[in-house]
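Biologist: I should like to understand the grounds on which the contacts between two chains receive their names. Could we go through them in turn?

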Number of protein chains: 2
Amino acid sequence: MAKEKLIKEITSMEDDFAQWYTDVCIKSQLIDYTSVKGCMVIRPYGYAIWENIQRILDGMFKETGHENVCMPMFIPESLLQKEKDHVEGFAPEVAWVTHGGSEKLEERLCVRPTSETLFCDHYKNIIHSWRDLPKLYNQWVSVVRWEKTTRPFLRSREFLWQEGHTIHATAEEAKEETVKMLNVYAEFCEKYLCIPVVKGLKTDKERFAGAVETYTIEALMHDGKALQSGTSHYFGDGFAKAFGIAYQDKENQLATPHQTSWGMTTRLIGAVIMTHGDDSGLILPPAVAPKQIMVIPIAQHKEGVIDKANEVYERLKKQFRAGIDISDQSPGWKFSEYEMKGVPLRLELGPKDIENNQCVLVRRDTREKIFVSLDELEATVEKVLEDISKSMFEKALERREAMTYEAQDLDEMKEIADNKPGFIKALWCMDQECEDKLKEIAGVSSRCMPLDQQDSIDGKCVCCGKPAKKLVYWGKAY
Amino acid sequence: MAKEKLIKEITSMEDDFAQWYTDVCIKSQLIDYTSVKGCMVIRPYGYAIWENIQRILDGMFKETGHENVCMPMFIPESLLQKEKDHVEGFAPEVAWVTHGGSEKLEERLCVRPTSETLFCDHYKNIIHSWRDLPKLYNQWVSVVRWEKTTRPFLRSREFLWQEGHTIHATAEEAKEETVKMLNVYAEFCEKYLCIPVVKGLKTDKERFAGAVETYTIEALMHDGKALQSGTSHYFGDGFAKAFGIAYQDKENQLATPHQTSWGMTTRLIGAVIMTHGDDSGLILPPAVAPKQIMVIPIAQHKEGVIDKANEVYERLKKQFRAGIDISDQSPGWKFSEYEMKGVPLRLELGPKDIENNQCVLVRRDTREKIFVSLDELEATVEKVLEDISKSMFEKALERREAMTYEAQDLDEMKEIADNKPGFIKALWCMDQECEDKLKEIAGVSSRCMPLDQQDSIDGKCVCCGKPAKKLVYWGKAY
């Protein structure tokens with residue numbers, strides 16, 4: 001009964017995907033709305049997922065030689081304006097601080113939408129010689145972009161992220177860094193979030209404001225929409241020149257360094273929800289789930305059950321992020337509560353199990369039941385969690401493959417875009433007019449030019465029919 | 001030679017304490033100034049100290065049952081105004097956002113100076129029954145206060161901190177939490193930062209805006225000035241009433257919950273610098289030092305030296321935050337570099353040491369040299385790091401005791417305040433007029449009423465001579 005009721009509270013995906021998403025965010029207590037329009041509270045359950053993401057990513061950054069720093073949250077207007085393309089891209093969507101206390105500021109400050117200008121301002125102070133290079137920096141902060149339409153995790157006026165900023169002696173080193181961090185992002189998504197991604201280059205139109213090249217990883221959500229999940233930018237020496245950053249090279253010549261930046265955000269939590277979730281709620285990848293396994297005693301009023309459940313919990317806690325629920329709610333209520341919250345494994349333990357020195361593991365992703373001897377508990381849980389990760393990734397990959405189409409001409413593109421949600425692979429002449437036309441007619445934007453494609457393309461542009469230069473993934477996007 | 005030069009770059013404490021402090025912050029690369037007035041860059045070496053502080057404190061918070069969350073950085077003006085005392089305290093020093101992109105906002109938003117109002121706004125949504133209590137929350141964020149005069153770490157317009165916010169069914173529970181977190185703060189400072197603190201209650205005048213009681217830990221810096229290092233506030237039900245937060249208790253009656261908040265900031269890094277540092281630079285407590293031990297090969301051009309140094313480094317790395325410097329700088333340069341950076345232990349290893357299967361440990365705090373067999377390396381390093389922590393704490397405690405004075409009357413108070421930097425213990429009648437007069441005449445403010453004092457005081461107020469009610473620590477403060 002309780003279970004039925006609880007599940008009914010979440011709108012079904014098929015009925016209304018957007019409402020399903022909102023229901024999951026609210027009912028599984030990831031977020032709360034606030035009095036600040038477009039900003040959310042990330043509640044403990046949501047923030048614990050972010051902490052796990054942070055911990056793993058931060059470890060990967062440090063292993064690749066990066067150090068954390070912290071820049072101010074404000075950018076003076078004159079500093080934001082130093083790089084022309086950059087200010088044009090960001091000025092329309094920043095929040096402006098005009099007063100400190102009761103006094104009007106001499107110069108307006110924007111709340112950082114991204115921190116390239118602040119890093120450049122700092123580099124100028126600390127970089128003088130080739131000995132000072134490279135600097136491989138990252139920061140974990142929040143940024144603000146004054147969006148008109150907002151959705152929890154996917155698009156909010158303030159969001160949490162990490163922004164890597166590096167500066168190198170040569171263009172080659174900087175380009176290598178850009179691709180290296182793209183690969184770190186892809187590995188993180190696939191290995192820890194169990195989300196398959198397409199690695200590619202953005203078109204000129206979709207490039208980050210001020211970048212020479214923007215790399216992206218694109219994931220496909222349950223509803224067939226694409227989600228840009230991380231970007232890595234190569235800046236060349238444009239920012240360095242605009243900010244007057246120069247260094248003495250080994251031959252005592254003045255040289256200009258080359259820069260990169262790369263970022264991933266709390267949007268990843270949205271990606272996890274929309275890649276893995278189902279009509280019962282969240283399904284969390286074991287690597288980032290706040291609790292990997294929940295112990296639920298059955299017939300807990302019977303003698304010895306709670307004691308044994310606690311004993312099992314204490315054992316599991318040493319090796320896993322384990323929880324136990326001995327509240328007075330019914331087992332059925334508890335089952336659906338932790339299903340909704342996406343806990344990868346449930347452990348049921350009742351009087352009969354105790355008699356047989358066993359327990360029951362129930363997988364959230366497949367609902368498979370596994371009877372396990374208590375003597376082999378830890379080893380089995382470890383293995384099952386690994387299996388869950390693998391099969392979550394495979395399931396998502398299969399779905400993506402099934403939802404990836406190919407189009408040869410504009411009619412076909414429009415037909416697929418209108419009727420089959422997903423990625424559309426199609427050739428392109430690299431003319432922005434065609435890109436604009438595809439948006440106008442088929443409602444799709446270029447997601448990326450995948451990295452694994454041939455150098456010379458043999459075929460015609462899906463839009464104009466002229467010789468094509470690149471294979472592109474197109475789609476509707478969040 | 002190199003060493004001499006490097007040390008000369010730092011102004012001596014005795015000559016100019018403020019300049020010494022700034023020199024240490026800049027030369028040991030903790031911070032950089034920015035184009036944003038009153039805001040700093042926390043550089044990798046400074047941020048690594050903060051990460052260690054965060055990791056330890058966050059563990060202590062979680063062990064005491066707290067969960068991390070994240071509130072928006074903006075507060076609508078109407079929300080800030082809901083609690084009268086609170087808005088009066090903070091409105092004069094907040095930064096106001098008035099525009100989003102090119103549009104003027106309907107309502108101004110302030111950048112959070114502290115987040116009580118945001119937490120209350122959220123509590124109102126999620127607290128309905130006694131089952132929803134308590135909520136034990138914390139967040140790691142930055143806040144903004146529009147200060148006129150700023151100093152790195154000690155007073156900046158933006159600073160990093162944690163703010164704990166809890167809400168409880170009863171006043172007793174909330175009071176217990178307030179004191180519990182004060183004790184966590186004191187333990188953290190004494191055990192991990194090696195800084196002795198006085199635990200006490202703030203006077204009404206020095207209380208946090210909107211609080212019923214403010215507890216504080218006060219530390220004494222090298223120059224005899226006090227530094228408020230952490231505060232814990234009991235709010236009673238004032239905020240809950242102002243925000244309309246209520247819950248059904250177990251008897252189905254509507255009741256008002258009680259709240260607390262508590263915070264520590266990057267100011268702690270300033271406390272570490274000014275408690276332990278000397279004329280050669282930083283002296284970092286082992287628990288928060290980015291590197292606990294630096295391996296420095298001697299005569300590294302000789303065969304086998306770098307290999308052996310690397311071998312020792314690889315061993316140490318498994319157990320400690322170890323570093324190695326095999327750059328082409330001279331050993332003398334390296335010695336003073338890592339002395340300036342306050343690395344607790346230096347390990348020297350030359351050809352003769354290798355022959356004797358030994359190395360030399362040099363303590364940063366006492367400069368004591370310790371010859372150690374390589375067979376006993378890890379155990380010795382562990383013990384010496386513990387000894388360093390202990391003796392850093394003891395040294396700081398001895399200095400504080402030596403710089404703590406007692407005053408019986410106003411003349412004596414003024415005489416001490418003018419000539420002997422430090423804490424002044426003196427009795428007080430609890431009349432704010434006397435507190436104001438002591439500020440005016442002797443230039444001291446009340447730091448706290450220490451918790452360990454008798455309930456009934458036998459003596460006279462240091463200012464007016466009337467019967468005293470409390471023993472108070474007075475002093476000049478940052």
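Modeller: Certainly; please note that the model is predicted. We may begin with B:Asp328 and A:Arg131, whose closest N and O atoms are 3.7 Å apart.

Biologist: Why is the pair B:Asp328 and A:Arg131 called a salt bridge?

Modeller: The term requires a side-chain nitrogen of Lys or Arg within 4 Å of a carboxyl oxygen of Asp or Glu. The pair joins an Arg to an Asp at 3.7 Å, so the name applies. Between chain A and chain B the count is six salt bridges.

Biologist: Which element gives the most to the side of chain A that touches chain B?

Modeller: That is strand E5 of chain A, residues 95-100, with six residues. By class, this side of chain A holds 31 nonpolar, 11 polar and 13 charged residues.

Biologist: What makes E5(A) and E5(B) a pair of strands?

Modeller: Pairing requires at least two bridges, and five join these antiparallel strands, so they pair. Within this arrangement, A:Ala95 has B:Gly100 as its bridge partner.

Biologist: What is the area buried between chain A and chain B, and which residues of chain A supply the most?

Modeller: About 4300 Å² is buried between the two chains, with carbon and sulfur atoms giving 57%. A:Pro44, A:Cys70 and A:Met73 supply 13% of the area that chain A buries against chain B, more than any other three residues.

Biologist: How many residues of each chain are in contact?

Modeller: In chain A there are 55, in contact with 55 of chain B.

How values were computed
Residues are numbered from 1 along each chain as its sequence is written. Chains are lettered from A and ligands numbered from 1 in the order in which they are written. This is a predicted model: local features need pLDDT of at least 70, side-chain atom pairs count only at pLDDT 80 or more; totals for chains, interfaces and linings use all residues. Side-chain values use heavy atoms; hydrogens and water are left out. Contact means heavy atoms within 4.5 Å. Buried area is the accessible area (1.4 Å probe) that two parts lose on being put together, summed over both. Helices (H or I, at least four residues) and strands (E, at least two) are DSSP runs, numbered from the N terminus. Ala, Val, Leu, Ile, Met, Phe, Trp, Tyr, Cys and Pro count as nonpolar, Asp, Glu, Lys and Arg as charged, and the others, Gly among them, as polar.
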